[in-house]
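Biologist: Hi, I'm new to this one. Could you walk me through it?

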Amino acid sequence: MNDADLVGVRPFELSADGRTLKLLDQRRLPTEEVWIELVELEAVARAIEDLAVRGAPAIGCVAALGVAVVSQQLGDDPVTFRAAVAAACERLARTRPTAVNLFVALDQIRHVLDRAAPGEPVSVLREQIRSTAEAHVEHDLQACLAMGRHGAVLLPDEGGVLTHCNAGALATAGHGTALGVIRRAHAIGKRIHVYADETRPVLQGARLTAWELARDGVPVRVIADNMAGALMAQGRIKAAIVGADRIARNGDVANKIGTYTVAVLCRHHGIPLYVAAPWTTIDLDIATGSDIPIEERSADEVRNHGGRVMTPADIEVCNPAFDVTPAELVSAIITEKGVHAPSELATLGR
Ligand code: MRU
């Protein structure tokens with residue numbers, strides 16, 4: 001099986017002249033496949049905030065490419081150029097707080113300016129920002145393919161595999177993290193079928209995971225979030241695999257809200273829970289999951305559904321976008337470096 005056949009959809013693309021960033025608008029999937037073109041910094045920032053692009057690795061890639069696009073519009077005065085690039089990085093860093101990949105990618109861009117000689121012409125800086133952003137994207141794709149190779153052997157030879165949210169090609173530069181492992185397992189002949197939690201309130205599982213797996217011929221069934229426990233009790237789920245937005249030094253995992261519930265259910269039923277994430281998701285500067293900033297999103301995501309109001313008007317709701325699964329509930333963490341016990345991350349270096 002050729003790696004190229006397993007990449008799946010690539011949800012963003014820099015135009016050949018580097019002046020436009022094209023995004024598959026994930027808010028409109030699965031009913032409409034609409035590509036939007038972004039040129040302005042504010043449009044890139046809003047695309048991340050409003051979930052036109054989402055998923056930890058994809059956010060980092062798009063932010064880096066976004067700065068590259070913005071840098072094309074700036075003039076040739078080095079002082080003004082540097083200030084504008086720094087401001088662009090600051091604006092994009094304020095879009096979403098939990099996924100650490102965003103900050104890793106922006107730091108890589110800032111580093112271009114930090115290591116350049118003071119008199120370096122803007123034309124050179126522009127080119128270096130673009131190549132750094134493109135290298136970040138390529139590194140993410142290769143990391144996902146490596147995770148797929150490392151992780152596929154862990155999945156059962158047959159039966160149901162549960163996933164939560166969308167940790168697929170749509171959430172990365174292609175192939176996916178958790179769904180990359182699933183794609184590879186399917187490709188090497190494992191007779192697995194995926195149960196995709198619908199993942200309220202934004203339905204990344206029902207809309208996105210189902211869309212991309214069906215598109216690529218991987219058997220998938222959508223379940224409402226409250227169904228996984230019953231399926232586990234019936235023996236219909238053999239393993240669960242999810243992505244991550246940030247992993248602390250002790251192996252605690254922040255991922256889409258509801259992952260913790262899945263983890264507790266897995267432990268109760270003796271089912272392994274695997275986390276697949278690129279090394280850029282591991283934040284060795286953060287000691288435990290309780291230090292990970294958890295994004296609180298708009299109450300309207302919970303109040304409204306499918307264009308209808310589902311709650312009494314103005315009722316108070318909670319809408320944390322992520323939760324933290326303690327390391328002790330995670331069977332293994334799959335990265336591009338291999339398969340790790342959550343407790344050994346700190347010993348593996350940066
Ligand atoms: O709010 P989202 O859709 O950006 O949340 C995405 C997730 O929680 C994913 O599971 C995570 O980013 C891993 S994606 C490879």
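Modeller: We'll go through a helix pair, then the pockets and cavities.

Biologist: Anything I should know before we start?

Modeller: This is a predicted model, where local features need pLDDT of at least 70 and side-chain atom pairs count only at pLDDT 80 or more, while totals for chains, interfaces and linings use all residues. Residues are numbered from 1 along each chain as its sequence is written, and side-chain values use heavy atoms, with hydrogens and water left out.

Biologist: OK, at what angle do helix 2 and helix 5 cross?

Modeller: Roughly 165 degrees, and the axes of helix 2 (residues 56-72) and helix 5 (residues 122-151) come within 9 Å. Axes are lines fitted to C-alpha atoms, for helices over the stretch in contact, and angles run from 0 to 180 degrees between N-to-C directions. Helices are DSSP runs (H or I, at least four residues), as are strands (E, at least two), numbered from the N terminus.

Biologist: So which residues of helix 2 and helix 5 make the contact?

Modeller: Among them are Gly60, Ala64 and Ala68 of helix 2 and Arg130, Ala133 and Val137 of helix 5. Contact means heavy atoms within 4.5 Å.

Biologist: Switching topic, how much space lies in the largest pocket?

Modeller: About 370 Å³. A pocket is an open set of points on a 1 Å grid over the protein atoms alone, with protein on both sides within 12 Å along at least five of seven lines; a cavity is a set where a 1.4 Å probe fits but cannot get out, and lining residues have an atom within 4 Å of a point. Points are joined across faces, edges and corners, and a volume is the space filled by probe spheres set on them.

Biologist: Which residues are closest to the centre of that largest pocket?

Modeller: Pro201, Val202, Arg207, Asn304 and Gly306, out of 15 that line the largest pocket. Helix 10 (300-303) and strand 12 (304-305) each supply at least two lining residues there.

Biologist: And the second largest pocket?

Modeller: That pocket has a volume of about 180 Å³, and its lining includes Trp279, Asp283 and Arg350.

Biologist: How many cavities of 30 Å³ or more are there?

Modeller: Three. The largest cavity holds about 220 Å³ of space, and of its 24 lining residues, Arg54, Gly55, Ala56, Asn166 and Asp245 are the closest to its centre.

Biologist: Which element gives the most to the lining of the largest cavity?

Modeller: Helix 2, with three residues.

Biologist: What's the volume of the second largest cavity?

Modeller: About 70 Å³. Pro201 and Val202 are among the residues lining the second largest cavity, and both also line the largest pocket.
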